[in-house]
Amino acid sequence: MRRIAVVPAFNEQQNVGRVIEEIREFDPDLDIVVIDDGSVDATAAVARQHGAIALQLPFNLGIGGAVQTGFRYAFEHDYDLAVRVDGDGQHDPSQLDRVIAPILAGEADIAVGSRFVEDGDGYRSSRSRRIGIRLLALVVSRIVGRRVTDTTSGFQALNRKGIALFARDYPHDYPEVEATVMVSRHRLRSVEVAVSMRERSSGRSSITALRSVYYMIKVLLAIFVGLFRRNVVPEEGTS
Amino acid sequence: MTPIAVSVVGTIASLALVLIVLELIRTRRLRERYALLWLATGIVLAVLCAWRDGLNTIARWVGIRSYPPAVLFAVGILFILAVLLHYSTVISRLSDQNVLLAQKLALLQEQLEVDGVRQQ
């Protein structure tokens with residue numbers, strides 16, 4: 001079984017090396033592809049020094065476009081399982097086994113690590129963000145028809161079917177919420193597992209207070225319009 | 001009634017628009033597919049300006065009694081909105097294609113390096 005870790009990174013030369021080492025500590029056989037999303041620092045070089053494959057985007061695409069590049073790589077190189085671990089270090093690779101477990105067991109096509117399944121420990125975020133996360137969780141749960149607690153988590157694992165879907169179609173800008181709805185519309189099975197996430201060790205989050213508002217409006221628009229989109233179920237041949 | 005000066009100036013301006021668009025197409029500075037809406041704008045406005053009875057009739061249909069040329073503004077604005085909306089869809093498609101190109105480039109570059117190492 002070919003397995004790969006997809007690591008999106010934008011100006012993360014401080015963090016990406018450690019993330020790679022931690023992933024390797026978790027599983028030395030996991031291939032690691034770092035997507036350097038148009039960084040101006042040495043992110044790609046650091047990634048290569050640590051023995052990862054580095055894909056360098058010619059300019060910044062944003063997290064959605066970067067992550068999708070990794071899934072395209074995983075799809076084209078026939079990987080059976082992909083995990084996403086963000087290059088800023090907020091996802092703790094030692095918890096990867098929890099995220100991967102449902103995929104290995106064949107219980108789900110996509111598994112998402114949630115901070116809030118069991119009132120996730122040790123994660124603090126701003127108030128506006130917490131309210132936003134709560135509201136999105138409510139809306140998404142309604143649409144998806146099962147309880148989704150953490151719609152903005154990018155700590156996830158996919159099987160071949162999930163990789164094929166995301167390689168072909170993945171939302172831009174702030175992709176996780178839309179992706180959750182998309183996955184359910186494509187009738188892929190998804191589950192949430194409990195994880196804790198870390199504070200960023202250096203650098204700044206890409207989501208500021210003002211952007212949260214834009215984020216909410218944009219994501220809600222995308223979700224509701226997406227509901228009226230013709231439902232495309234992936235063809236058997238591609239999965 | 002529509003003042004005669006409005007009809008004359010309006011017709012000339014609309015025909016000028018049509019001519020400019022045609023010239024842009026001729027010199028390949030504007031692709032035909034993006035010119036169609038502009039041509040339609042110019043032609044419709046020119047017809048409405050020149051055909052004075054028609055303008056008055058249409059104005060009456062839509063309930064404009066006092067000043068028929070207001071129809072020209074409405075139609076003009078409508079076409080401008082259509083053109084802008086069309087541009088938004090074009091920009092959206094271009095940015096989608098741009099993302100795809102960037103991703104393919106990154107994948108190809110990596111592939112090239114892998115192949116290069118293998119050959120050495």
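**Close-up 1. The buried residues of helix α1 in chain B are Gly10(B), Ser14(B) and Val21(B).** This is a predicted model, and here we're looking at where those buried residues of α1(B) go: they pack against α2 and α4 of chain B. The helix runs over residues 4-26, and its 23 residues, at 1.5 Å a residue, should span 33 Å. The end C-alpha atoms are indeed 33 Å apart, so expectation and model agree. Just past the end of α1(B) sits Arg28(B), with a positive phi of about 60°.

**Close-up 2. Helices α2 and α4 of chain B pack at an angle of about 175°.** Helix α2 covers residues 32-50 and helix α4 covers residues 70-119, with the two axes 10 Å apart. Angles over 145 degrees count as roughly antiparallel, and α2(B) and α4(B) are therefore just that. From α2(B), the contact takes in Leu37(B), Trp38(B), Ala40(B), Thr41(B), Val44(B), Leu45(B), Leu48(B) and Cys49(B). Facing them from α4(B) are Val71(B), Leu72(B), Val75(B), Gly76(B), Phe79(B), Ala82(B), Val83(B) and His86(B). Sort the residues of this contact by class and you get 13 nonpolar, 3 polar and no charged.

**Close-up 3. The largest nonpolar core has 69 residues.** Its members with the most contacts to other members are Val6(A), Val7(A), Val33(A), Val34(A) and Ala82(A). Helix α3 of chain A (residues 63-76) gives the most to this core, chipping in 6 residues. Zoom in on Val7(A): leaving out residues up to four places away in sequence, Val7(A) touches Val16(A), Val19(A), Ile32(A), Val33(A), Val34(A), Ile35(A), Val85(A) and Gly87(A). There's also a second, separate core of 7 residues, and among them are Leu48(B), Cys49(B), Leu55(B) and Val71(B).

**Close-up 4. Tyr79(A) lies in the loop between α3 and β4 of chain A.** Buried or exposed? Tyr79(A) has 21 C-beta neighbours inside 10 Å, so this loop residue counts as buried. Setting aside residues up to four places away in sequence, Tyr79(A) touches Arg2(A), Arg3(A), Ile4(A), Ala74(A) and Ile163(A). For a sense of scale, Tyr79(A) and Phe224(A) are 145 residues apart in sequence and 32 Å apart in space, C-alpha to C-alpha.

**Close-up 5. Chain B meets chain A through 8 residues of its own.** On the other side, 13 residues of chain A are in contact with them. The chain B side of this meeting has 5 nonpolar, 2 polar and 1 charged residues.

Methods:
Residues are numbered from 1 along each chain as its sequence is written. Chains are lettered from A and ligands numbered from 1 in the order in which they are written. This is a predicted model: local features need pLDDT of at least 70, side-chain atom pairs count only at pLDDT 80 or more; totals for chains, interfaces and linings use all residues. Two residues are in contact if their C-beta atoms, placed from the backbone, lie within 7 Å. Ala, Val, Leu, Ile, Met, Phe, Trp, Tyr, Cys and Pro count as nonpolar, Asp, Glu, Lys and Arg as charged, and the others, Gly among them, as polar. Axes are lines fitted to C-alpha atoms, for helices over the stretch in contact, and angles run from 0 to 180 degrees between N-to-C directions. Helices (H or I, at least four residues) and strands (E, at least two) are DSSP runs, numbered from the N terminus. Angles under 35 degrees count as roughly parallel, over 145 as roughly antiparallel, 65 to 115 as roughly perpendicular and the rest as oblique. The expected span of a helix is 1.5 Å times one less than its number of residues. A residue is buried if 20 or more other C-beta atoms lie within 10 Å of its own, exposed if 12 or fewer, and partly exposed in between; C-beta atoms are placed from the backbone. A nonpolar core is a set of buried Ala, Val, Leu, Ile, Met, Phe, Trp, Tyr and Cys residues joined through C-beta atoms within 7 Å.
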